[in-house]
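Here's a quick tour of one protein model and the molecule it holds. Take a look at the picture first, then read on.

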Amino acid sequence: MNLSTHLHITTWVIGLIFVFVTYAMYSSGSKSGAKIVHMILRLIYLLIIATGADLLFRLQLWNGEYISKAILGIISIGFMEMLLIRRKKQKSTTGMWIAFIIAIVVTIALGLRLQLGFKLF
Ligand code: HEM
């Protein structure tokens with residue numbers, strides 16, 4: 001068990017929960033509540049990136065897989081944000097749901113494949 005990997009997993013799991021809560025709140029029309037939860041989620045994005053970067057710099061494995069993992073993580077966050085903005089603006093979200101789910105599944109799959117953080121420290 002190591003703190004860096006656990007912090008990273010904890011932040012993105014909490015982030016995912018906040019995506020669903022924010023989405024549901026925009027859908028139910030509670031705009032002011034949704035705005036607050038959405039703002040907290042944006043802080044969580046920063047924590048996901050910070051804990052991911054922490055792992056990246058600790059591991060110092062600058063190969064294609066690790067760089068892809070980081071880029072996919074940032075793309076996943078981008079789709080989370082675009083999904084919520086489209087919901088907020090009452091635009092169609094089908095395409096964004098598909099993009100978000102594909103990005104998150106690939107990111108988690110690659111993260112679980114690498115998993116070196118658990119072995120090294
Ligand atoms: C929503 C976004 C993200 C998700 C769902 C995600 C998911 C994961 C998962 C499942 C792991 C495997 C943990 C383990 O078992 O060791 C992981 C590890 C990692 N992630 Fe992320 N991540 C995200 C964002 C990021 C970002 C933005 C970065 C970089 C800036 C990043 C960099 C890393 C690195 C370097 C590892 C270590 C891999 C290893 O242990 O060998 N991740 N991530």
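Let's start with one contact: a polar backbone atom of leucine 116 lies 2.5 Å from an oxygen atom of the ligand. Keep in mind that this is a predicted model. The ligand takes up the space of the largest pocket, and 27 residues surround it.

**Who's around the ligand**
- Among the 27 residues around the ligand, the closest are His8, Tyr66, Lys69, Leu116 and Gly117.
- Sorted by class, the shell has 18 nonpolar, 8 polar and 1 charged residues.

**Where the shell comes from**
- Five helices each chip in at least two residues of the shell: helix 1 (3–27), helix 2 (31–59), helix 3 (64–88), helix 4 (94–114) and helix 5 (116–120).
- Helix 2 gives the largest share, with 7 residues.

**The iron atom**
- His8 (through NE2) and Lys69 (through NZ) coordinate the iron atom of the ligand, at 1.9 to 2.0 Å.
- That pair ties together distant parts of the chain, since histidine 8 sits in helix 1 and lysine 69 in helix 3, 61 residues apart.
- The iron site is octahedral, with 6 donor atoms and angles of 82 to 176 degrees among them.
- For comparison, ideal angles for six octahedral donors are 90 or 180 degrees.

**Two more short distances**
- Histidine 8 also has a polar side-chain atom 2.9 Å from a nitrogen atom of the ligand.
- In lysine 69, a side-chain N or O atom is 2.6 Å from a nitrogen atom of the ligand.

Note on methods:
Residues are numbered from 1 along each chain as its sequence is written. This is a predicted model: local features need pLDDT of at least 70, side-chain atom pairs count only at pLDDT 80 or more; totals for chains, interfaces and linings use all residues. Side-chain values use heavy atoms; hydrogens and water are left out. A residue is near a molecule or strand if one of its heavy atoms lies within 4 Å of it. A polar contact is a pair of N or O atoms within 3.5 Å; within protein, one must be able to donate a hydrogen and the other to accept it, and residues adjacent in sequence count only if both atoms are side-chain atoms. On a 1 Å grid over the protein atoms alone, a cavity is a set of points where a 1.4 Å probe fits but cannot get out, and a pocket is an open set with protein on both sides within 12 Å along at least five of seven lines; lining residues have an atom within 4 Å of a point. A molecule sits in a cavity or pocket if more than half of its atoms lie within 2 Å of its grid points. Helices (H or I, at least four residues) and strands (E, at least two) are DSSP runs, numbered from the N terminus. Ala, Val, Leu, Ile, Met, Phe, Trp, Tyr, Cys and Pro count as nonpolar, Asp, Glu, Lys and Arg as charged, and the others, Gly among them, as polar. Donors are N, O and S atoms within 2.8 Å of the metal (3.2 Å for Na, K and Ca); water is not among the atoms, so sites may look incomplete. Four donors count as tetrahedral if all angles lie between 85 and 135 degrees; four count as square planar and six as octahedral if opposite donors are over 155 degrees apart and all others between 65 and 115; anything else is irregular.
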